[in-house]
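Hi everyone, thanks for making time for this. I'd like to walk you through one structure today, so please have the sequence and the viewer open.

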Amino acid sequence: MIKNYLKIAWRNLVKNKMHSLINIVGLSVGMAVAMLIGLWVYDELSFNKGFDNYNNIAQVMQHQTFNGDVGTQSSLPYLMGDELRHTYGSNFKYVTMCSWTYDHILTFGEKKITKGGNYFEPQVTDMLSLKMIKGTRSALQDSHAVILSKSTAKALFGDADPINKTIKIDNKFNVTVSGIYEDLPYNSDFNNLTFIATWQLYITDRNWDEKATNPWRNNSFQCYVQIADNANMDQVSTKIKDVKLHRVQKADAAFKPIVFLHPMSKWHLYSGFKNGVNTGGKIEFVWLFGIIGFFVLLLACINFMNLSTARSEKRAKEVGVRKAIGSVRAQLITQFFSESLLVAFFAFVLALLLVQIALPQFNEVAAKKIDILWGNPLFWIIGICFSLFTGVIAGSYPALYLSSFQPVKVLKGTFRVGKFASIPRKVLVVMQFTVSAVLIIGTIVVFRQIQFAKNRPVGYSRDGLIAIGVVTEDVHKNFDAISNELKSSGAVTQIAESSTAATYVDEFDNGFDWQGKNPSVQGDFGVIWVSNDFGKTLGWQIKEGRDFSKDFHDSSAVIMNEAAVKFTGLKHPVGETLMEDGKPRKIVGVIKDMVMQSPYEPVSRTVFVMDPTTQPVINIRINPVISAHQALGKIEAVFKRYNPAQPFDYKFVDEQYGQKFGDEERIGKLANFFAILAIFISCLGLSGMASFMAEQRIKEIGVRKVLGASVLGLWSLLSKDFVKLVAISLIIAIPTAWYFMHGWLLNYNYRAALSWWIFAATAAGAIVITLLTVSYQSMKAALANPVKSLKSE
């Protein structure tokens with residue numbers, strides 16, 4: 001029987017080629033979208049799961065209270081690791097302190113490469129279960145040892161054996177290669193960890209023990225732990241919550257530091273905190289795209305349902321004959337399900353092809369490295385179940401509906417589908433366009449929010465501004481010579497040093513006091529250490545006082561932004577003294593707020609401190625009268641001469657600023673991609689429905705033409721029903737989209753308004769698309785010769 005069912009199903013597909021093509025293409029696109037989203041969701045949910053100790057690893061973090069607001073950070077004092085080991089050692093298997101993973105210069109002989117790396121305590125190799133190719137996991141016991149990833153070793157040494165070779169980090173540390181490990185997974189938080197040096201080397205070089213008067217105040221480091229095998233993550237987190245509170249000085253205790261463990265299982269998807277509460281994070285996008293994938297697939301299934309039930313009169317006699325010769329309803333249901341499953345099978349094969357074609361572009365947009373899991377049996381099991389599920393969902397309504405026909409009415413020729421038979425199809429069309437309209441509105445809102453933040457005044461000029469990270473002291477030692485040479489070459493107009501680039505603040509200090517400060521007011525300030533011409537180089541805007549200048553003794557001077565002045569409550573800040581951990585600093589100027597962190601958040605209060613010592617960032621303003629290419633060539637030549645130990649590497653500040661929109665732009669592009677496919681699927685179904693409706697009313701149209709109906713009148717007659725359905729869908733979609741997008745925008749302090757034109761434009765666009773989709777079939781029917789349709793009457 002099954003063979004017979006499939007044979008008949010195949011014949012029906014071949015007999016109705018256009019109908020079958022629309023069904024297969026529509027379903028395949030829906031399935032392809034669902035598969036792409038499924039692969040993306042799988043990649044997100046499997047983030048960091050490549051580590052053997054995934055369930056037991058956590059990052060130590062802390063909450064601190066500032067004026068009633070609780071802030072959460074992963075930055076900790078460097079003594080945290082020792083304190084956890086000594087006081088709570090039985091709860092942990094491994095504890096490791098570390099710096100921050102960022103790019104460093106690795107040098108071997110004349111070869112120099114830039115790679116991401118960090119300084120860890122030796123236990124990290126066991127904690128991250130590194131797969132050692134050469135050496136062992138105890139390779140970091142010597143303070144001057146370093147282990148390299150396989151790709152880094154290849155880049156630095158080629159095919160030569162790197163073990164026991166000496167390399168230099170940042171032209172500063174001579175270290176010996178003691179091990180090689182497999183590259184860490186791309187979908188992990190350690191994917192950029194391409195070399196690991198020792199924490200002991202890092203901490204000794206900076207003499208933290210000697211120069212720290214209050215070591216528990218300096219929150220500049222990170223700590224990772226692996227809890228003991230028999231320990232519970234939540235219980236250990238509760239035990240250590242006061243570990244810092246017991247150690248800090250009385251003044252810092254006012255910040256109420258609460259230390260806790262943030263499990264590795266939550267790093268990627270649950271990274272958001274608000275007022276000390278984990279509020280989620282990227283998990284919201286997982287849910288969002290999971291829902292989108294489901295609805296896009298549902299749209300494709302709706303097409304199948306609509307077109308199958310719309311052709312019910314053409315198959316009514318088949319059902320009547322089958323029932324008359326003894327077929328029971330269950331057999332007919334099986335027959336119709338076999339047809340839908342056959343369509344689903346062909347659609348699945350085509351969907352695999354579409355996914356394979358789309359993956360490179362999809363990976364680029366989503367910033368992923370996703371592949372179809374061809375060799376994974378689980379993928380094929382899920383794929384087969386997915387096809388069966390799609391086939392059953394798509395074929396359920398047609399199977400139940402068609403198998404319910406009464407054979408007596410059908411064979412006597414008195415069977416009619418009735419005026420209410422089309423209601424379910426109309427409901428399904430409304431569902432299709434409701435989903436499509438919501439996606440369109442959501443996409444427009446996301447892109448408007450991104451553009452709104454991009455157009456936000458940043459308080460300085462990004463045009464022609466570049467930042468060069470330096471890791472040697474050669475540039476600072478020769479800074480005046482470099483500056484003079486670059487300016488005289490005509491390549492640059494200004495140059496200055498700073499502790500960070502203009503798009504980031506990485507140091508915060510809560511040790512500031514000022515005259516008239518309310519003791520109950522607590523809060524930290526962003527601190528950026530700069531040279532004299534930093535303001536001129538960036539083009540910041542002085543609101544009060546003056547800029548830093550070599551004409552004054554500004555070695556202890558500071559400039560504050562508007563947010564910092566507002567926080568202090570100083571009415572006339574210029575000339576006032578700001579105490580930093582007991583050290584007096586004179587306020588010489590106030591600048592307008594500059595957006596240096598998130599463009600969606602209020603500007604953080606920031607203090608710019610004049611400091612003549614070495615800084616890690618060189619800011620350069622390219623001369624606008626020459627091309628950037630020419631200017632960069634001259635800048636590179638000068639830097640190579642004065643800083644030969646480091647490759648010339650620069651970043652345009654406007655590009656760095658643009659990276660702040662990365663997540664939102666990816667979400668917007670993906671949503672746009674899926675919205676277009678949803679509209680395509682809806683229009684495909686609409687075209688099929690219009691074709692069938694025109695075919696069904698062909699004699700009516702012939703009679704109307706004979707009686708004098710115009711082509712425009714016939715086009716209006718055939719199109720208006722579809723326009724009504726789309727209008728109903730818009731009435732549902734607009735308030736639904738407003739509700740969800742309004743809630744999404746509330747996540748941003750600096751946000752665009754939900755303008756009325758977004759909804760109006762979507763409504764107009766949906767109606768135009770509908771008319772364009774159905775017009776071909778409508779005009780084709782309206783222009784047909786009535787003689788052909790009426791000659792049998």
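**A walk through the chain**

Let's start with the overall picture: the chain holds 27 helices and 26 strands. Please keep in mind that this is a predicted model. Of the 793 residues in the chain, 50% are buried. If you take the contacts between residues at least 6 apart in sequence, 79% of them join residues at least 24 apart.

Now to the largest nonpolar core. Which of its 47 residues touch the most other members? They are Met35, Trp40, Phe289, Val355, Phe362 and Phe674. Two or more residues each come from α2 (17-45), α11, α13 (329-366), α14 (377-402), α16 and α23. The largest share is from α2, which gives 13 residues to this core.

Phenylalanine 362 is a nice one to click on. Leaving out residues up to four places away in sequence, phenylalanine 362 touches Leu36, Trp40, Ile370, Leu670 and Phe674. Two of those names, Trp40 and Phe674, you have just heard in the list for the core.

Next, some empty space. Rolling a probe the size of a water molecule over the atoms reveals where space is left empty. The second largest pocket has a volume of about 800 Å³. It is lined by 23 residues, and the closest to its centre are Leu288, Ile292, Val438, Phe740 and Met741. Which helices supply at least two residues each to that lining? Those are α11 (283-310), α16 (423-454), α23 (662-696) and α25 (711-745). As for chemistry, the lining has 16 nonpolar residues, six polar ones and one charged one. You may recall α11, α16 and α23 from the core, where they also give two or more residues.

Let's move to the strands. β13 (residues 272-274) and β14 (residues 277-280) run antiparallel and are joined by three bridges. Across that pairing, lysine 274 faces valine 277 of β14. The two strands make a hairpin with two residues between them, and in the turn asparagine 275 shows a positive phi of about 55°.

If you like backbone angles, there are two further asparagines to look at. Asparagine 164 has a phi near 70°, which is positive although the residue is not glycine. You will find asparagine 164 in the loop between α5 (150-157) and β8 (166-169). Is asparagine 164 buried or exposed? Its relative accessibility is 61%, so it counts as exposed. Asparagine 171, also not a glycine, has a positive phi of about 55°. That residue sits in the loop between β8 and β9 (173-181), and asparagine 171 is partly exposed, with 30% relative accessible area.

One more asparagine, for its partners. Asparagine 192 belongs to the loop between β9 and β10, and its 35% relative accessibility makes it partly exposed. Its C-alpha is 9.5 Å from that of asparagine 118, although the two are 74 residues apart in sequence. Beyond its neighbours within four places, asparagine 192 contacts Thr101, Asp103, Gly116 and Gly117.

Let me finish in β10 (residues 195-198), the strand that contains threonine 198. Why does threonine 198 count as buried? Because its relative accessibility is 3%, and the cut-off for buried is under 20%. Residues up to four places away aside, threonine 198 touches Tyr119, Phe120, Leu140, Asp142, Ser143, His144 and Ala145.

That's my tour, and thanks for listening!

Notes
Residues numbered from 1 in each chain as written. Predicted model: local features only at pLDDT ≥ 70, side-chain atom pairs only at ≥ 80, totals over all residues. Heavy atoms only, no water. Helix = DSSP H or I, 4+ residues; strand = E, 2+ residues; numbered from the N terminus. Buried < 20%, exposed > 50% of the residue type's maximum accessible area, 1.4 Å probe, protein only. Contact = heavy atoms within 4.5 Å. 1 Å grid on protein atoms, 1.4 Å probe; cavity = no way out; pocket = protein on both sides within 12 Å on 5 of 7 lines; lining within 4 Å. Points joined across faces, edges and corners; volume = space filled by probe spheres on them. Nonpolar A, V, L, I, M, F, W, Y, C, P; charged D, E, K, R; others polar. Core = buried A, V, L, I, M, F, W, Y, C linked by side-chain atoms within 4.5 Å. Pairing = 2+ DSSP bridges.
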